Amino acid sequence: MNFYAMWRARRCVSVLWIAGSMVGCATTGQDSYEAMHADVDRTTVADARARADDERALEGPELSRSTYVRAVLHRNPSIESARQAWRAAVARVRESGAFEDPMVTFDVAPLSIGSSSVRLGYDATVSQRVPWPGKLSLEETASKAEAQAARSDVEGTRRELALTASLLYDAYFVAARSLEINMQHIALMRELKAGALAQFDSGRGSAQDPLEAEAELTHMEHAAVTLESDREVVMAQMNELLHRDPEAALPPPTKDIALPQLPGAADGKRFGEEAVARRPEIQSDRFHALAEKARAERAERESYPDLTVSTSYSSMWAMPEHRWMVGLGLNVPIQLGRRAGAVDEANAARARFESDALSAADKARTEVVVALKRLDEAQHIVGLFADRLIPVARDQVDAARAGFVASRNDFVAVVGAEKNLRSVELDYQMARANVDRRRAELDAALGRIPGLDAKDGGR
């Protein structure tokens with residue numbers, strides 16, 4: 001093999017390699033991949049930086065709903081799991097749309113090795129498969145759509161996790177307020193018991209009255225143990241979402257729940273379309289449908305042949321002009337059944353995802369309507385408690401105590417009025433928390449992050 005022939009062969013190989021690399025970069029959409037990859041990294045870094053602030057907030061004097069929900073979204077492993085699935089989907093964008101590696105083959109004539117009568121005989125070939133135009137770009141399009149679907153899945157995981165966290169916070173609020181109310185009524189019942197003893201000592205009461213108070217006091221103290229147990233169970237569940245020790249301490253919840261503003265009729269009309277536009281599971285189905293559409297088009301192009309360009313050098317040709325060869329090959333796509341089946345499969349998958357998106361859109365609109373109705377109902381119940389039931393229950397206690405002191409009614413009436421007030425006040429706290437639950441369900445139905453203010457931006 002003379003020097004000039006070797007130089008020409010190497011030059012041809014270099015040209016093929018550079019051309020393949022340039023076309024590969026052009027089809028993979030490197031800029032788009034870099035933007036997607038940067039988006040994944042940005043969310044990872046943002047969550048890591050926020051964890052320190054969350055840790056300080058979890059050790060503060062009071063735990064607000066938004067603080068807890070935000071901490072869950074930054075710390076829960078299921079978010080990281082969904083993010084890694086997203087990262088893997090983005091990595092597949094980089095994999096897709098790229099040329100296959102070139103193939104290098106080298107053959108040698110064994111009997112020519114060490115022969116004194118003939119020179120070494122060998123044949124070297126470099127080949128590169130070049131798919132039909134459009135095949136690689138469609139592969140990349142499908143991968144990009146799948147990556148966007150994976151991103152929507154991350155948002156869906158965040159939304160569902162935030163809803164769970166928000167509902168747990170409501171249970172934590174109810175448990176804390178119930179304990180507080182129960183302790184207030186224990187103090188009140190002890191005061192009533194002391195009054196009954198004073199009435200008995202003065203000869204104006206019955207010996208049954210202090211016993212009645214003691215029995216009710218025992219029930220309240222037992223309720224305190226139950227409520228404390230409920231609070232600790234909720235705290236363990238809250239710590240689980242925070243990826244912490246179940247017995248780790250948490251600050252008490254806020255003293256009050258700000259009741260959300262009830263949406264108006266005009267808002268209700270646009271909420272359905274907002275839900276369809278924002279719900280991550282609907283977006284995910286749509287992106288999956290786009291991916292399958294690209295795969296169907298890619299499968300249709302399988303009927304077109306792929307080219308294989310090659311260059312080779314053989315030392316075994318007597319004439320030097322014949323030793324360097326340039327070749328062009330192509331496959332013969334005659335297996336039509338297999339290719340047609342791939343097209344049908346992709347089209348069926350696309351139709352399935354499109355149908356899933358339509359079904360999810362119908363479900364979203366229904367969930368919005370139901371959530372609005374339930375929120376309206378919950379607001380109405382809170383109003384009844386605040387404006388009528390609690391004032392009446394307190395007046396009943398005052399009237400029963402005054403009547404007992406004036407010997408116009410028995411002590412049983414006092415105990416009954418106190419029990420009713422305690423029940424009403426406990427139910428009122430649950431009703432207030434229920435409004436927040438309904439609002440969280442409405443936010444989830446709309447595709448928003450429950451428990452976070454709009455200024456938080458969902459982070």
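**Close-up 1. Glu367 and its partner Arg279.** Glu367 is partly exposed at 29% relative accessibility (between 20% and 50% relative accessible area; buried is under 20% and exposed over 50%, with a 1.4 Å probe and protein chains only). Its partner Arg279 counts as buried, at just 3%. The two form a salt bridge, with the closest N and O atoms 2.9 Å apart (the term asks for a side-chain nitrogen of Lys or Arg within 4 Å of a carboxyl oxygen of Asp or Glu). Glu367 sits in helix 9 and Arg279 in the loop between helix 7 and helix 8 (280–300), so the pair ties together parts that are 88 residues apart in sequence. Helices here are DSSP runs of H or I with at least four residues, numbered from the N terminus.

A quick note for every view: this is a predicted model, where local features need pLDDT of at least 70 and side-chain atom pairs count only at pLDDT 80 or more, while totals for chains, interfaces and linings use all residues. Residues are numbered from 1 along each chain as its sequence is written, and side-chain values use heavy atoms, with hydrogens and water left out.

**Close-up 2. A salt bridge inside helix 7.** Here the side chains of Glu274 and Arg270 meet, 3.5 Å from N to O. They are 4 residues apart in helix 7, which means about one helical turn separates them. An α-helix has 3.6 residues a turn, so residues three or four places apart point the same way. Glu274 is buried at 14% relative accessible area, whereas Arg270 is partly exposed at 44%.

**Close-up 3. Glu55 reaches Arg75.** This salt bridge spans 2.8 Å, N to O. It links distant parts of the chain: Glu55 belongs to helix 2 (residues 30–58) and Arg75 to helix 3 (residues 65–75), 20 residues apart. Glu55 is partly exposed with a relative accessible area of 27%, and Arg75 is buried at 17%.

**Close-up 4. A salt-bridge network.** Glu100, Arg129, Lys135, Glu139, Arg298, Glu302 and Asp306 are all linked up by salt bridges. Across the whole structure, the search turns up 41 salt bridges.

**Close-up 5. The largest nonpolar core, with Phe411.** This core has 40 residues, and Val368, Phe411 and Leu442 have the most contacts inside it (a nonpolar core is a set of buried Ala, Val, Leu, Ile, Met, Phe, Trp, Tyr and Cys residues joined through side-chain atoms within 4.5 Å). Helix 5 (135–201), helix 6 (208–241), helix 7 (265–278), helix 9 (336–405) and helix 10 (411–445) each chip in at least two residues. Helix 9 gives the most, with 15. Setting aside neighbours within four places in sequence, Phe411 is in contact with Leu192, Ala196, Asp209, Glu212, Ala213 and Phe404, contact being heavy atoms within 4.5 Å. Apart from this core lies another, of 22 residues, among them Leu63, Ala165, Leu242 and Leu250.

**Close-up 6. Helix 6 from end to end.** At 1.5 Å a residue, its 34 residues should span 50 Å, and the end C-alpha atoms are 50 Å apart, which agrees (the expected span is 1.5 Å times one less than the number of residues). His243 follows helix 6 and has a positive phi, near 60°.

**Close-up 7. The low-confidence stretches.** Residues 1–30 stay under 50 in pLDDT, with 34 contacts beyond four places in sequence; pLDDT is the predictor's confidence in each residue, from 0 to 100. Residues 454–459 also stay under 50, with 12 such contacts. The chain averages 86, and 89% of the residues score at least 70.
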